[in-house]
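Open the model in a viewer and keep the selection tool at hand. The tour below goes from one selection to the next and says what is found at each stop.

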Protein chains: 4
Amino acid sequence: MSVNSFGRVLRVTTWGESHGPAIGVVVDGCPPGLKLSEADIQPWLDRRRPGSSRHTTQRREPDRVRILSGTFEGRTTGTPISLVIDNVDARSKDYKEIAGAYRPGHADYVYEAKYGLRDWRGGGRSSARETAMRVAAGAVARLIVPELSILGYLVELGGDPIDRGAFDPAASSSNPFFSPDARAAERWAERVDEARKDGNSLGAVVECVVSGMPAGWGAPVYAKLDGDLAGALMSINAVKGVEIGEGFAAARGTGREAADEMRSGADGRPLFLANHAGGVLGGISTGQDLIVRAAFKPTSSIASPLRSVDRSGAEVEVRTTGRHDPCVGIRGVPVVEAMVALTLADHKLLHRAQCG
Amino acid sequence: MSVNSFGRVLRVTTWGESHGPAIGVVVDGCPPGLKLSEADIQPWLDRRRPGSSRHTTQRREPDRVRILSGTFEGRTTGTPISLVIDNVDARSKDYKEIAGAYRPGHADYVYEAKYGLRDWRGGGRSSARETAMRVAAGAVARLIVPELSILGYLVELGGDPIDRGAFDPAASSSNPFFSPDARAAERWAERVDEARKDGNSLGAVVECVVSGMPAGWGAPVYAKLDGDLAGALMSINAVKGVEIGEGFAAARGTGREAADEMRSGADGRPLFLANHAGGVLGGISTGQDLIVRAAFKPTSSIASPLRSVDRSGAEVEVRTTGRHDPCVGIRGVPVVEAMVALTLADHKLLHRAQCG
Amino acid sequence: MSVNSFGRVLRVTTWGESHGPAIGVVVDGCPPGLKLSEADIQPWLDRRRPGSSRHTTQRREPDRVRILSGTFEGRTTGTPISLVIDNVDARSKDYKEIAGAYRPGHADYVYEAKYGLRDWRGGGRSSARETAMRVAAGAVARLIVPELSILGYLVELGGDPIDRGAFDPAASSSNPFFSPDARAAERWAERVDEARKDGNSLGAVVECVVSGMPAGWGAPVYAKLDGDLAGALMSINAVKGVEIGEGFAAARGTGREAADEMRSGADGRPLFLANHAGGVLGGISTGQDLIVRAAFKPTSSIASPLRSVDRSGAEVEVRTTGRHDPCVGIRGVPVVEAMVALTLADHKLLHRAQCG
Amino acid sequence: MSVNSFGRVLRVTTWGESHGPAIGVVVDGCPPGLKLSEADIQPWLDRRRPGSSRHTTQRREPDRVRILSGTFEGRTTGTPISLVIDNVDARSKDYKEIAGAYRPGHADYVYEAKYGLRDWRGGGRSSARETAMRVAAGAVARLIVPELSILGYLVELGGDPIDRGAFDPAASSSNPFFSPDARAAERWAERVDEARKDGNSLGAVVECVVSGMPAGWGAPVYAKLDGDLAGALMSINAVKGVEIGEGFAAARGTGREAADEMRSGADGRPLFLANHAGGVLGGISTGQDLIVRAAFKPTSSIASPLRSVDRSGAEVEVRTTGRHDPCVGIRGVPVVEAMVALTLADHKLLHRAQCG
């Protein structure tokens, strides 16, 4: 019941602060015998790494992951896998000025309200830096579900959506926005540049699609696949909304429109004529593509002055001068993928436990 | 790790099928000494009860709850509270025809894909009847958080939203739609009548606001208050989307707009100038009102014929003739409230465990 | 994390007080498709039932179990199995006199110290009546591990041990003491009669052996098979000690004596030349017989007067006049078996989750 | 539900292999604001450290603990505390010869039976080296229960018990055996020297007493204080038996003898006239001293040749030439104390959650 752990059978526990000596994750319950080395994890971290384009924070973290336990001769042994990344570019002095003041939109005030004290350096534990370990753990999770293809991308930035007609999955890895629509990426580049110059920031919507899903994963009623995914995605920094399939749009349609009718499939399984439900019914996967979306609010750290108070209750003006992403949703893509991978790997094992 | 349990310190476990002899819930971890009798639970069940207006299912369930354990002389003892409701109006024969066929939008196919068999009577475990026990448990949870006011209502039905300017919380309990806008309720009555006559159904969006919140509840990073709420709401039948505060709309705004700025409050605590975040930052409550929304898809059980397959893989046409809600979102209101109450009561106790 | 739940993947939650309307258990995580009816459970309850010989309490409880959920057409469906037994012979008036006084050796005082109030009727939740539901759940667990033979018996009563040379497993079901040594049973009958007449009670040691064990169950390091068994057995009312294999005797031997040496087995697996370890090494089953023992203290409810205090702190004399077992260890046998069955079934599923 | 985690509200997760780069623990749920630095942990590790006398293994591990997260300016912040110890004296080559053979009494065979492969270097995950992290976590737990005095010591070595009449708690820290009886320590020194020279090893019994206990900790029925303690102690390497209070001796007495009678105490609380129960009734602390014992089997690694098999099934002779404790029970003392501290700290918080 660790509040810093996630999952049921595959269980990950993260630790670490933004400006402490290191951050890490322990992955427990991983099946034995899987090939695993740092090289299986690093590419996913690189994908998330700050400083890879001018559109993300200029903090330079090589984010080199080390495996400290759980493998032997290049294979998982079934014991806990400990992954660690040293914090090497932590400029705490950037944060001195906000040591006593609460940044609006950040967890500064609530951490202090809860715990009575806080590590203010870079947001401490509440920093999005923690998500690096989700990505590292997600890389391990992917090895448990090799049958799946898990792809995340941005479908909207600053309220400007992609053109679904121009959707090209391959495109999403060739622009700094994980955009499956190359034209949208060009527009977004301008938007983000503008926002940064203006001391402002933008929100975004990340979508993640999983293909290769079997039918039958998920466990009603309080470990539903969609319930667990919603909890997983909402736990990501800055996420304020989660949808499965048509999500909120489904609430505006009718039952006749929303029905995913079926015909006989070639393989004896039903052939679904639509996928409004996003691949989950009654909390269990249908075997169709799984489709989820997460709404990221605009980065709270902006260079514009904002009204706030300090620890003494005095009124102050806060302006965040550190190195920040103008749109955290962009780097949210690999994090969403990781949380989806962790949730699915966990449910694969959980399903195997009960149903063999 | 029971998949039919919810919560961490306050832990509820539900059981029962739609057409079995009874349904029930065990509430464990409840503080001792609270006044509790059936009379504290029944009103909330009555609020959710089917058959209370022509706009909901005509199944007649008195839904009389009995307390079988955990109280003594009218007070909770700290031991598990067992609540049971007998199923008295279970007409299984209504369902005979779908014993072998999979209803589109329902869990019929996936239960069989997962478990190899299913109790097809009324949807068995996947029936929304299970939510009655959430409401019963939620009534107990409310006793643990008497400092809170938890109010749910419909903000949209069939894509037709309420007028926020006409918002009247009191109105929500005086129309069959839990609508805080009396005019909207009138329009919705027509919409729902139409849909029913047309063998169709409608979706809805439920909002729930909690006032009286202290700052400091919630536990980063995988037991965040918003993460747990998202998981809780998405686990409700027919819910396909969840939002906290501005939710998806936040993704379309800018950081400057989204900032909940602060000034010195009268009581030494910050006075927030806005509540875009919905009362949660970094997974911890800010002390502002908590605001969540859940999108309910249209009822999947409709009288119109839909294409499907049966257990043998043969193509069939399914038409659901049982007694069904034309809009499950309506009766979703007390269920959303219950899940919010359970989540908050749990977090109150969890916070007390760590922080005293 | 319900404190009234046991197990990880197979998870049971019990509820109910000795003199409330009923007691029950919810078994979650059971694999689907197993044949299960009341007839599969009742024989195990009958084995534990009070009033079956003059050596156990004369409370007359038919202990008829009812299945309220989780099965369909005689098979488990994978959903929670709710089992209930009505309390029909609950004479609360027997307990009126101890409503305000604390019985030595009982949980009366500590429940009040913890919760501030208690259901004093028959011990309420702390009564051994709760163990009936362990036996019921254990009957379900046995269906999950049909490959195992799980046999419990008494090896010592009032300090008088069985003759290991006369060990006959069949004998254990033909005397009221579950004694595998018929001569010991005769001696024990006299001892127990004497104790009862004398207003006294006796302790006992229960042993349980499981054959048919595969190698590989158990999960280091905090879900070790022996660790989980120890917790399971120590949670049984009146148990004060637990041993695996040679237990405390092992602490008195040498490493050379304690070694379970190996030779090549016919089936490619090692042939162990001894089983000092009791079938568990490093928390994982070796494939040998599993051997555990639990020490039961003498029944605390005795007819002799004992010095105590009441709720006001005044000094009183307590004498328990209800209907009690002179040796609770006897009826502890089916309870030990049940806890062993639950632990092993859980570990079978947990092993399958991680290792396939 | 991580199988490498322990505790409910205070939750520790250990990781690491004997000869990997490091071992570590993550302590989650620790209350904020406690003073904590490496200096609070190191003394407890030094107490357990190998190589501190000729009676324990000569492996030279400085066991320097580092805190990588969870503190700020010398105080706990409420976020996960990550503790790491580098493995600096890991001579894997000592183990090459047993890479393919199974050491009797060790987990070699079962790890391979379970996982299909194993890290054979020094026993990998099954090494008692893991217990160093229990001791480190226990040091944190002690800060949560400053009201308690937790003292462990040896009461028996190689079947030779201490003289209870000569019991002197202070003595236990002035001899290498944690013996509270100085004369016994002298005898044991000879016994252990003899065993080592003879290529043999000895078992021991560790007792732990906790004073300062409040009444009311523990949570029936599956989180009983004694049940959790039993699971905690049995999870320690080489432990084969656990007792609370009189333990197995209680099974040999009568109910009249075993009764812990009560008189009015000076403070309004009962004054217990005896403590046969070891400070726990019905799974809840009575406020008396808590008394537990754990039986350690003799070290399985001995220099004498033992019959075994190798991975291919061929018969071999194994002789363990590494640096080993002739009696693991000795160094078990700080480990038992740590597990007791962790269990009690967890229950303090759990009690606070439910009962305020």
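Select chain A and chain B together: between them, 57 residue pairs are in polar contact, both residues of each pair being at pLDDT 80 or more. This is a predicted model. On the side of chain A that touches chain B, helix 2 (residues 108–115) of chain A gives the most, with six residues. That side of chain A is made up of 52 nonpolar, 32 polar and 22 charged residues.

Stay with this pair and show the whole contact. Chain A brings 106 residues to it and chain B brings 106 residues. About 8400 Å² is buried between chain A and chain B, and carbon and sulfur atoms give 61% of that area. Now pick Lys114(A), Tyr222(A) and Lys240(A): they supply 11% of the area that chain A buries against chain B, more than any other three residues.

Next, look for charges. How many salt bridges cross the interface of chain A and chain B? There are six. One to display is the salt bridge of Asp198(A) with Arg256(B), where the closest N and O atoms are 2.9 Å apart.

Then select residues 239–244 in chain A and in chain B, which is strand 11 of each chain. The two strands run antiparallel and are joined by three bridges. To see a bridge pair, label Gly241(A) and its partner in strand 11 of chain B, Glu243(B).

Move to helix 5 of chain A, residues 225–234. Is this helix buried or exposed? Of its 10 residues, 10 are buried, so the helix is largely enclosed by the rest of the structure. Among the buried residues are Leu225(A), Asp226(A), Leu229(A), Leu233(A) and Met234(A).

Turn to chain D and colour its strands. An open sheet of five strands is found here, in the order 1-2-3-7-4, with antiparallel pairing. Its edges are strand 1 (5–6) and strand 4 (65–69) of chain D, each of which pairs on one side only. Inside the sheet, select residues 11–16 and 22–28 of chain D: these are strand 2 and strand 3, paired in the antiparallel sense over six bridges. Val12(D) has Val27(D), in strand 3 of chain D, as its bridge partner.

Keep chain D and add chain A. The contact takes 38 residues from chain D and 39 from chain A. The area buried between these two chains is about 3000 Å², with 66% of it from carbon and sulfur atoms. The count of salt bridges between chain D and chain A is zero, while 10 residue pairs, both at pLDDT 80 or more, are in polar contact. Strand 2, strand 3, strand 4, strand 6 (75–76) and helix 2 (108–115) of chain D each give two or more residues to the side that touches chain A. Strand 2 of chain D has the largest share of that side, five residues.

Finish in chain C by centring on Ser235(C), in the loop between helix 5 (225–234) and strand 11 (239–244) of chain C. Ser235(C) is buried, with a relative accessible area of 2%. Leaving aside neighbours within four places in sequence, its contacts include Arg134(C) and Met339(C), and, in chain D, Val221(D), Tyr222(D), Lys224(D) and Gly227(D). The side chain of Ser235(C) reaches the backbone oxygen of Ala232(C) at 2.8 Å. As a last distance, the C-alpha atoms of Ser235(C) and Phe6(C) are separated by 10.0 Å, the two residues being 229 residues apart along the chain.

Conventions
Residues are numbered from 1 along each chain as its sequence is written. Chains are lettered from A and ligands numbered from 1 in the order in which they are written. This is a predicted model: local features need pLDDT of at least 70, side-chain atom pairs count only at pLDDT 80 or more; totals for chains, interfaces and linings use all residues. Side-chain values use heavy atoms; hydrogens and water are left out. Contact means heavy atoms within 4.5 Å. Buried area is the accessible area (1.4 Å probe) that two parts lose on being put together, summed over both. A salt bridge is a side-chain nitrogen of Lys or Arg within 4 Å of a carboxyl oxygen of Asp or Glu. A polar contact is a pair of N or O atoms within 3.5 Å; within protein, one must be able to donate a hydrogen and the other to accept it, and residues adjacent in sequence count only if both atoms are side-chain atoms. Helices (H or I, at least four residues) and strands (E, at least two) are DSSP runs, numbered from the N terminus. Ala, Val, Leu, Ile, Met, Phe, Trp, Tyr, Cys and Pro count as nonpolar, Asp, Glu, Lys and Arg as charged, and the others, Gly among them, as polar. Two strands pair if DSSP finds at least two bridges between them. Buried means under 20% relative accessible area, exposed over 50%, partly exposed in between (1.4 Å probe, protein chains only).
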